[in-house]
Amino acid sequence: MWKRLLQLVLFVAILGALAWYFEGPREAGSGIGGRLVASQRTEPDSYNRLVSPIYPVELISRLTSAPLIRVNHVSGALEPALATEWAASSDGLTFTLKLRQGVTFSDGTPFTSADVLFSFRALYDRKVASAIASGMMINDKPLVARALDDHTVAITFPAPYGPGLSILDSLPILPRHTLEAALDSGDFGNVWGLNTPPADIVGLGPFVVAEYQPGQRMRFVRNLHYWGKDSAGRALPYLDELVLEFIPDQNAEMLRLQAGSLDLVTDEIRAEDYAALERASAEHKVQLVDAGVSVDPTGLWFNLKPGAPSVKGRAWLQRDELRHAISLAVDRQKIVDTVFLGAAEPAYGPVTRGYGPWFVPSLPHASFDPARAKALLESIGLKDRDGDGQLEDASGKPARIAVITRKGSTLLEHTMASVQEQLGRIGLGVDIVALERGELIRRIVGGDYEAAYYGAPVLSLDPANNSDLWLSSGNFHFWNPGQTSPATPWEKQIDDLMHAQSESMDMARRVALFADVQRVFAEHEPMVFFAAPKVTVAMSARVTGAEPAVVQPQVLWKPETLAVTGAAIR
Amino acid sequence: MNLALVRFALRRIVSAAAFALIVAASAFTLTRLAPGDATTELVASGARPEVIARERARLGLDRPFSQQALAWARGMLRGDLGESSMFGRPVRALVLERAAATARLAGLALLVATLIGLPLGVISGATPRHWVARLTAPLSLALVSILPVVGALALLLLAASTGWLSIEPGAIAVPALALALPLAASLERLQAQAVRDVVSAPDLVAAAARGIPPHRLIWVHASRQSLRPVLGVYGVVIGSLFGGSFAVEVITAWPGLGRLMYDALRGRDVFLVSGCALAGAVCLTAGNVIADLLRAIVDPRARETS
Amino acid sequence: MMRGHDTGPAMTPAQRVGRAILVAVALGALLAPWIAPHRAGDQLTDRAYAPPTRVRVHDAAGFHAPFFYPQTLTDRLRRQFGVDTATRVPLVIGRGALLQSSAGDQPLLLLGADSLGRDVFSRVALGARWSLGVTLLGALGALLIGAMFGAFAAVAGGRADAWLMRFADFVLVLPAVYLVLVLRALLPAVLSTADVFLLMALLFALAAWPHVARGVRAIVAVELRRDYAEAARAAGAGRWRVVAHVLPATRGFLAAEMILLVPALLSAEAAVSYLGLGFPEPTPSWGTMLQEAANVRVLTEAPWMLAPAAALFIVVFALQLAGARASTRAVFFDSLASHASDPS
């Protein structure tokens, strides 16, 4: 009898111990954690952030690795990550960073300053030709990182740089011990391809890759070696598991969010989804968070490359007056009301209210005035010469502009349809050419277009980090990218202002200089903007601990504090 | 099985295989001829020229077209369809995976259509005054008039507004019904016609005179005889269904061959496009071969033509 | 196979109804500019996703001439509209359209408005011209090419016949999708509505002719062996002259084939707009309109945008009714094959 009881007790004890052993570090019973399912519209093409420029890879890198310093997407402030504190030298060029002690990679190897130096070496290696290197150069010169000891590094900027250390946010710190051989042999470009066993993807981030099913999902589990702790001293991340489902179609994403089989979606909701999601939120299935005004409104621009073949014989396509006239002839409020169902505000330039301190409310802008638009068009020779209600140019040919835009994006296509109708009223014909993304980009890069309505996501609010748009040499200087020297005096003026702005360490001066940039921009309107949508982030009601921001990734920029309450999705 | 039939079958199969290969080759050529390739996406994300060049080299896009085509043809003979640039996986695995999804959908649709269509067809063909037949006739006429696009949209609306069927991506009911209902109606009308023909045939009239009970007459004798022409249709149906329906799969987000082809075309994924074309052509030609064979079995004269 | 000569018994009531509907649709399409209350591209202010305005003849005060209650936007983001039952907006006949609202600021939206506040009824009516026009032209082209090709093959006979038909089979299997894509990429970015119309018709004709060719070849081959053809030949008619005698025999088949081609091409028009060769904005066509309606959100929130689907159904249904007699087994084979090879 007693023997039997003892056996039973022993059995239970062993079982308990086993359970504790397997559950151990997971803090079973803490009430937080769980499994979060997020969707992503495009699949990654690598695990190697330095090699791949595409966004999903950036997202995965944010989950599985950590930077030295992170920029808070909501406040814009610098937050300690792998570096706990930093100090600037008197000339403001060199920063000394203290690295976190006792941190190990997900495979248990200790993290030291050698890993930081290694990451910088890989970043700037010519053979690697890193996709993020150009964004980490100041005036085409690299930053220099030196190790002062195992846990102190000094980073020297080649020139004064306004945004300062926020630049470090985009560099994931990579494991020297697993990748150095590849870098030395020149094979770094091929490491961490998607067929790498997940266990080999070693990082300092809150999660590690557990499984990848191409075309379906990528599963992450918590990194048991993660260094982060919450304010109560509890180990982060809260989530046990995070799943990225690859769902190419935005409608499908929305359906699954409403049905409760998704917690997070790729980006903000479209205005047309609002009504349905609001009903779901009334049923406590979904939560809607107003994150502010979008920072990447879409713009209409013309191909301003001098002598571009597509504008041959129609010089008026490149005149400032044409763009001003369009800006005057389009009733932005109508676009806000129709296309965005009111969930937007009129936009007159690329810097929206979402940019906080950088936004200049007093900037002069066009107000709806079709009569003035007509007069402007007449001043460049476009007028109705045969009384058919359509404008013709000096040679009598109808004035029509072909605008290429992204196919399948209802916001872009609808905005253009509205612009088309409104410009039609002053006799300016618009042909909308909706193209697949690849074809669209091919035409833009090749300069094979008249006008385009498109945009690129903005990943940082600091203008110095978006110099690719502002500088005439930039790749995202859409209307005439990659100029060797500024083609127009006003582009030169913007270049100069931007350089001064970037090199200044005085925030007030930087804001003032950037306001001047915006003023010059508004004067010539190389891009015409119509509306800046309000960003509403939708999440399942289960998600807690999210701090949604307007900049991508809106929620997953801070994955470690997310948690899921209640029953998780299977 | 006589020798002529076997010879006929062999000839059809060989020419069908040749067809499928030619179709795949033309798809490959056409996709390569169109401007742009799989790396335009990289350009879009601001990749450096070195990165793009590396990717193009990896995908073999930097070689002249003749070499690419030769390499592709060589792989094809080994059963290797190349690697998809969009998914970074072997095309063959991808196509087979999606073909399985399409097959599941097509199989279900075919089953549903058969189960609904054939019995109703027998009833309305044999007893046109029966209330079932009276109900079926207008209904099937309406269903036959539903285009795939219209059917998929209408079912989606029905499912979304009533909640009777799941509209989540991956739910099979909506796409299967969108395919099955018009097909069921077609089969019903065809079967009814066939039964009508058979019922009025002299041998059945004679059988009825011999006192065989009418229901037995209809369900056993007449339906068996009338099934032969209907069988011939199945080959074509199988071919078209298993090739993947573009409209239904795209609208209902079913991850089948039709959808894959659509995505591959959009992503300029050369190998995937030709792989999909091959799969589609194989299904279509296989369906045609089956149809021809069934027709040849039913009607020996058919062996002479084509 | 159908015989062309027999005119058969008188039309059944179903056929009469079918023909009547087809005539009505054709008239509607032809007269669309006088029927549509709005122009296809007109974007009405504050009417995005507006539901249909119901035409009434009766209210609490009794019967009236047809009128509707004014619509007001109550919540833009939630797309809620209210009706003001205190005022009646009478309908008027004439004034630019068959039926029109008497108040300029209160548009008549018989089938609601789309995402840009455009009148769906007007767009369906005006779109009928493009959608039905391109389909008919494409089908006629396919009949013409197919009949000539089929007859040529039948008359040529032997090895040439075999190779010609093999070529037809090849075109049948070649997915037209690729053709569309490559064509689109090689053509200029901007195509006018007329360009697209002609191109699409050409494409349809080029994709669909083999169905016709197969049937015509079979019929002609049989007919050539019949007495009257032999007689014509005996009378000294050349090989090709005989064809002229024989071709009328394919009339019935061609009519039946038309009834199959039109639905297949109508859905092809929808599919083609997915692939970027659709009609450009703001030209309305049923295919491009359906493409916008083809997602669950639009379907559930604005089901009236499915109106072109209903229009498609009506046309195909009427065709089925009108051609009820033509549905034979042989035709059925072809219908399935045409469904299979068109990008739909």
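Does Glu345(A) fall on the buried or the exposed side, and what relative accessibility puts it there? Select Glu345(A) in your viewer and keep in mind that this is a predicted model. Glu345(A) has a relative accessibility of 19%, so it counts as buried, because the limit for that label is under 20%. Now add Arg353(A), whose side chain meets that of Glu345(A) in a salt bridge with an N to O distance of 3.0 Å. Arg353(A) itself counts as partly exposed, because its relative accessibility is 47%.

**The three-stranded sheet of chain A**

With Glu345(A) still on the screen, select residues 344-346 of chain A, which form the edge strand β15. This strand belongs to an open sheet of three strands in the order β13-β20-β15, with antiparallel pairing. The other edge strand is β13, residues 286-293 of chain A, and each of the two edge strands pairs on one side only. If you look at how the strands are set against one another, neighbouring strands of this sheet are turned by 20 degrees on average, direction ignored.

Next, colour residues 531-540 of chain A, which make up strand β20, and follow its pairing with β13(A), which runs in the antiparallel sense over seven bridges. One pair to label here is Leu288(A) with its bridge partner in β20(A), Ala538(A). Then show residues 274-282 of chain A, helix α6, which packs on this sheet by touching β13 and β20 of chain A, and whose direction makes about 130 degrees with that of β13(A).

**The five-stranded sheet of chain A**

Move on to a second open sheet, made of five strands in the order β17-β16-β18-β14-β19 of chain A, with mixed pairing. Select residues 429-435 and 527-529 of chain A to see the edge strands β17 and β19, each of which pairs on one side only. Neighbouring strands of this sheet are turned by 25 degrees against each other on average, again with direction ignored.

Inside this sheet, select residues 400-406 and 451-454 of chain A, the strands β16 and β18, which pair in the parallel sense over three bridges. Labelling Thr405(A) and Tyr453(A) shows one bridge pair, since Tyr453(A) is the partner of Thr405(A) in β18(A).

Now bring in residues 320-329 of chain A, helix α7, which lies across β14 (299-302), β16 and β19 of chain A and runs at about 155 degrees to β14(A). Within helix α7 of chain A, pick Ser327(A). How much relative accessible area does Ser327(A) have, and is it buried or exposed? Ser327(A) is buried, with a relative accessible area of 1%. To see its surroundings, show Arg332(A), Ala366(A), Glu525(A) and Val528(A), which Ser327(A) touches when residues up to four places away in sequence are not counted.

**Salt bridges in chain A**

Over all chains, the structure holds 48 salt bridges, and a few more of them are worth a stop. Select Asp516(A) and Arg519(A), which both lie in helix α14, residues 507-524 of chain A, three residues apart, about one turn of the helix. Their side chains meet in a salt bridge at 3.0 Å, N to O. Asp516(A) counts as partly exposed at 30% relative accessibility, and Arg519(A) counts as partly exposed at 36%.

For another setting, go to Glu58(A) and Arg49(A), whose side chains meet in a salt bridge at 2.9 Å, N to O; here both residues are buried. Then select Arg35(A), Glu211(A), Arg219(A) and Glu241(A) together, since these residues are linked in a network of salt bridges.

**Over to chain C**

Finally, turn to chain C, whose secondary structure comes to 13 helices and six strands. Of its 344 residues, 57% count as buried. Among the contacts in chain C with a separation of 6 or more, 71% are between residues 24 or more positions apart. With a surface shown, chain C exposes about 14100 Å², of which carbon and sulfur atoms supply 66%.

On that surface, select Val23(C), Leu27(C), Leu30(C), Leu31(C) and Trp34(C), which together make a nonpolar patch of about 540 Å². The largest share of this patch, three residues, comes from helix α1, residues 13-30 of chain C, and Val23(C) is found in that helix.

How values were computed: Residues numbered from 1 in each chain as written. Chains lettered and ligands numbered in written order. Predicted model: local features only at pLDDT ≥ 70, side-chain atom pairs only at ≥ 80, totals over all residues. Heavy atoms only, no water. Pairing = 2+ DSSP bridges. Helix = DSSP H or I, 4+ residues; strand = E, 2+ residues; numbered from the N terminus. Axes fitted to C-alpha atoms, helices over the stretch in contact; angles between N-to-C directions. Contact = heavy atoms within 4.5 Å. Buried < 20%, exposed > 50% of the residue type's maximum accessible area, 1.4 Å probe, protein only. Patch = residues over 30% accessible without salt bridge, like charges linked within 9 Å, V, L, I, M, F, W, Y side chains within 5 Å. Areas by Shrake-Rupley, 256 points an atom, 1.4 Å probe, with all protein chains shown as cover. Salt bridge = Lys/Arg side-chain N within 4 Å of Asp/Glu carboxyl O.
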